[in-house]
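Biologist: Could you take me through the pockets of this protein, with a close look at what lines them?

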Amino acid sequence: LLGEVSLPQSMVLAQALHRTQRLIAVSQAVIASFESNALPLPPHHVVPNGVVTTRSANPDSIQGVRNWFHVPESAPIVLGIGRLEKEKGFDQLLLAFDILRSQVPNAHLLIVGEGSQLEVLRGLAQSDLQVHFAGYSADPTAYYHVADVVAVPSRSEGQGMVALEAMAAGRPVAAFRVGGLVDTVKEGVTGLLVPPSDIEEMGRTLALLLNSPDLRRSMG
């Protein structure tokens, strides 16, 4: 639950919450969303999701990603991963990538996932040979490990599982400052947060990370 809810939704939720003994949410942002919609809050706790932190990728599978998409060894990679839906903001990432390449011309963007926005995103990419759509992956571990930076361009986010998985893989995160990402990404420690939908700033932030190996390592 993030953002405004309709009157029918509010009525149904209010009835359910009156019968709820304890509410568990994945972030403080979700709790705040209940409050902003004037919904009655029962006793509640924030219990964030977790991810496996011991998962590693085979070096051959990491190299295989580069080979499959014909990404040169010297080219840095920005990874975006998730459902290709409007709220996930991959259209914003494609626009930010254009800004990024004015500073890092040889960068490549790898988008992993599927969804209703796929053809829209392909249209925005305009057959750019440095933008790659990988489709759905049941185990994206190799994609995380081949990336230099993981971008989370969501318009709304309950917590941000992709950000957690990026951290588990030792990769810095660039994300918009929305929803649970504010709690998930530790600003200046595990990544950098950008004002919501500020595409130019996202492009500059990605460029900063790609041009700063020491900063990437410290945040990863």
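Modeller: What follows is a description of the two pockets, taken in turn. The model is a predicted one, and its largest pocket has a volume of about 390 Å³. Of the 22 residues that line this largest pocket, Ile81, Gly82, Arg83, Lys88 and Val162 are the closest to its centre. Strand S6, which covers residues 149-152, and helix H7, which covers 161-168, each supply at least two residues of that lining, and H7 gives the most to it, with three residues. Sorted by class, the lining of the largest pocket holds twelve nonpolar residues, together with five polar and five charged ones.

The second largest pocket contains about 160 Å³ of space. Its lining is made up of Val51, Val52, Arg55, Pro140, Thr141, Tyr144, His145, Glu165, Ala168 and Ala169. Helix H7 returns here, since H7 and helix H6, which spans residues 141-146, each supply at least two residues of the lining of the second largest pocket; in this case, however, the largest share, three residues, comes from H6. By class, the lining of the second largest pocket divides into six nonpolar, two polar and two charged residues. Taken together, helix H7 contributes at least two residues to the lining of the largest pocket and at least two to that of the second largest pocket, while the leading contributor is H7 in the largest pocket and H6 in the second largest.

Note on methods. Residues numbered from 1 in each chain as written. Predicted model: local features only at pLDDT ≥ 70, side-chain atom pairs only at ≥ 80, totals over all residues. Heavy atoms only, no water. 1 Å grid on protein atoms, 1.4 Å probe; cavity = no way out; pocket = protein on both sides within 12 Å on 5 of 7 lines; lining within 4 Å. Points joined across faces, edges and corners; volume = space filled by probe spheres on them. Helix = DSSP H or I, 4+ residues; strand = E, 2+ residues; numbered from the N terminus. Nonpolar A, V, L, I, M, F, W, Y, C, P; charged D, E, K, R; others polar.
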